[in-house]
Every structure is written in structure tokens, then in C-alpha cells.
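Biologist: Could you take me through one small part of this one, in plain words? I'd like to see how a couple of helices sit together.

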Amino acid sequence: MRISDIQRCEVRPGRLIEWTFSKATVAAAAALQPDPRPPAHIQESHIRTARSVREDGLFVPTWLGTAFDLPGQVDLDALEQAFHGWTLRHETLRSGFRWAGDDMHRFTLHEDDVSLHREVIGDFADAVVLTRYMQDRFDVAADALGWPNLIYTAVVRDDSTSVYMAFDHTNVDAYSLQRIPDEIRGLYTAGVTGRPVVDTPVGSYVDFCKQERAKADGIDDTHTIVARWREFISRCDGRLPEFPVDLGLRPGGALPTQKLMCEPLVDADAAAAFEAYCRPYGGSMVGILAATSLIVHELGGQPVYRTVVPFHTRLNSAWSDSVGWYVGGAPIEVPAARDFDSALATVRAELRANRSLARIPLARVLRLLGADFRPTSPDLYSIVSYVDARSVPGSARWTEEKAYGLIRVSYGDQVCAWVNRLHEGLWFACRHPDTAVAHKNVRRYAEGLRDLIVSVSARDQLRDVEAAFS
């Protein structure tokens, strides 16, 4: 799925309709007793960070979302039924948190207490005005410090309807977003045609949170994973790693606004050739990280590239189709290499040695380290992520359906880059501080990445030709 902000996801005029939890559902939630299942460490860290930044006087929206089209004239009752059925399918969507002093407690609605309220907002003839309205509305409706913290909308036209769904990050990760268009379309089609819904059970992210937390809370500061993180952070001068290029920021300055760069990187043929070249070392993810290490060394001159690599934590098949935030991180260190093949070998070795560290949430590790990691930014560190999304159900239709994964770009002092492999090639998106220096260096990074992938792809294709004639 192409990652974008709402400004660049092909918003078109139409009649805006929105669905939120009904007043009866909100009232039922207010009367609930605490759910003994705790928040995941990553959920608690996210909410505490949002509260900390808010206490510093800054409202930083951080919602995620998805956008896609349904063809033809919409049946609003069937669409509402699809939204409702999908919400019941994924327990985290009807679960939230309350503060009791400085402690967070979960509450979870029973399925029978969940109902949606539909409201016609109005007709929008100007796409820019509509886009601005939706962004402002999502900022409030999907706020990390509020509940409910999700909203479903549709922009209705005679020939098609665009669906926009926004969530606080505690409910979803990128893989969750990628599955939404196919799931909603399947439920909607069943409602329109009257066919029964094939409802295969999915694991509950709320249950996962309980299991993961029990495991994470069972370790102490003598655990080997904690020791390895301690050593890594000490080599980062006591901090989590930043993107090692000049971003034009003043030390101690205010949290800067951010900007998004998103564009196609290379086509399907080049992506396939790059994957083939990198496969002996572990594939394209290894290749992207190896390429990044070479490029940032050239741009910033640092002798070692250090980063935290995101990994999914859906290690049990029960969580494969579940909506939730199933992400952990593992540290890697890549010294400046003499060439791409050397960088590939180093990254492969680092990932093999350190991937297991992602099984313990970093928020838990930081608490055990006892260091003062009071967050002043929504991003604790910079990331470079790679995902091959071609196996996601419905992904072959994403371009036709104008399907996007949406990120809210607001404030932040880190660089977060995503490279997604789609059926049409590699898609690049990067959120970075909105300074001239950062824009120039992120642009140089993206162009360096493209040039290196093309060069490696050509090398692989030449190797195939030579093999054919040998």
C-alpha cells in the first residue's frame, strides 16, 4: 500500500458522511469495570508520550488511517453494516484506557454494546476544503488521549465512494491498515448481495497484550536482552539512534513541524532484480538497510550506522489477521563498508544476531535501564522500514482502488522512512523535520537509494545474461 498523508491520496469532492460510536456505546463504556488485561508496553509508551508532549504545550496528532474506493453507487446501510461487523471482529477497536492517578487501566466493551452513529456532514465541492476538514476532524476523533479514538467516513459520489478510516496508533500498525480495504469490501459485498459472511475467527490484540506484557514484566535488569540494549545505547552516547545526517535543527530547540516526501522509487522489474541480488543475504530488507548505511556514511560521515529495525511480533498464526500494534525493534550497527556486498554481509549478521531482541518491548527495556528517557518527541528514534506487501489480500487492486495507508504529519525531530514493495515496484515515504537542510539531505538519501538499487539491479540482470551464455 502506498504511504501518504491525506493531502496526497487523491481526495475528490462529494458528500461527506461519518460514523462514530453512538452515545449509548460511549455511555456503556463509561460504566465499565476495568478489564484486567493490561495495555501493551508500546501502547502505554505511546499514550504517555502523547501526554508528556501535550503537557509541554503542544498538540501533536499522530493518527494512522487508510483510504480506498468502492465502485458504483454506494449502499450506505450495507457499508455501515460492514463497519460495524469489522469493528466487532477486532477487539482492540472497542477497548480503551483510563487513568487512575499515574496508572493506566483498560476497559473493553462487550460486542452487544457497540453501535455506530451515522451523520451526514454535508456536500463539499472543493477537494482542498474537504481535505482540510477531514484532517482537522481526524485530529480530534482519533486522538491518543481521548476515547473513542477512531472514526469511519465516506465521500459519496454517483459513480464511486471513497472510504477514509482513522485510528489512534494504539489500535493499528501498518499491516493492520493494509488488510482493511479487502476486509471492508468483502463485508460490504456480502451485505449488498445478501451472501453470508465467511467469518473466520481472529486472535484478539487485547489477549496478545496480556501475554506479551506478562513475558516482558517477567525479566529484570540482569536479562541478557537488557544488557545488550544497554551496551548499544551507551555507544549511541546514551541516547537512542537518530538518522545520522544534518537535519538543520538547533540543540534544545522547539519540536519542529514535519514534512512528508513520498514517491515511487523503482519499477517492478528493478525491484525484482534488486531482490534477486540481495536474496543470498536475506532479501530486500537487508539490501535497503545496507544501502542506507552506505548512503548516510557518504552524507554524514559517521563511521558506524546505528539504527533500530522494526519487526512484526505476529509470531503466532493466531495473530496473523488481527488488527493491533504488533511491532518490536532490534538494534543494529553497521560500520562503514568498502562496497555494497560487504554492507550486505554485515547487515545480515547483525539482523541474525539481534532480531530476538525485538521480542521484548523497548519501552520495558528503557524502564529497566533506569535512564531518563522522558519523551519530548512522538518518535523516540529514527527508523528505516521495509515491507513486501504483495501477499496482502487485495493488494493487486490497490492502484485501481486508490488505496493508501495514511500517516498524520505534524511535529517531530526524527526521520522515519518506509520502503514498501508493491506489485508495481518500490514505494518510498519519509517523514522528516521541515527544514531546508533536512529536505535537501533526505532528498539526497532518496536519490542515493534509487541510484544504488538501479545499479545493483543492472548488475543482477547482467549476471543473468552472462549465465545464459556461459
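Biologist: At what angle do the axes of helix H7 and helix H11 cross, and within what distance do they come?

Modeller: Quick heads-up: this is a predicted model, where local features need pLDDT of at least 70, side-chain atom pairs need 80 or more, and totals for chains, interfaces and linings use all residues. Residues are numbered from 1 along each chain as its sequence is written, and side-chain values use heavy atoms, with hydrogens and water left out.

So, H7 (residues 224-235) and H11 (residues 362-369) have axes that come within 10 Å and cross at roughly 80 degrees (axes are lines fitted to C-alpha atoms over the stretch in contact, with angles from 0 to 180 degrees between N-to-C directions). That makes H7 roughly perpendicular to H11 (65 to 115 degrees). On the H7 side, Ile225, Val226, Trp229, Arg230 and Ile233 do the touching; from H11 they meet Leu362, Val365, Leu366, Leu368 and Leu369 (contact means heavy atoms within 4.5 Å). This patch has 9 nonpolar residues, no polar ones and 1 charged (Arg counts as charged, while Val, Leu, Ile and Trp are among the nonpolar ones).

H11 has another partner too: the buried residues of helix H6 pack against H11, as well as helix H2 (41-55), strand S4 (95-100) and strand S5 (103-108) (helices are DSSP runs of H or I, at least four residues; strands are E runs, at least two). Those buried H6 residues are Tyr205, Val206, Phe208, Cys209, Glu212, Arg213 and Ala216 (buried is under 20% relative accessible area, exposed over 50%, with a 1.4 Å probe and protein chains only). Look down the axis of H6 and they fall within an arc of 145 degrees, so they line one face of the helix (the arc uses directions from the axis to the C-beta atoms). Turned away from that buried side are the exposed Ala214 and Lys215.

Technical notes. Angles under 35 degrees count as roughly parallel, over 145 as roughly antiparallel, 65 to 115 as roughly perpendicular and the rest as oblique.
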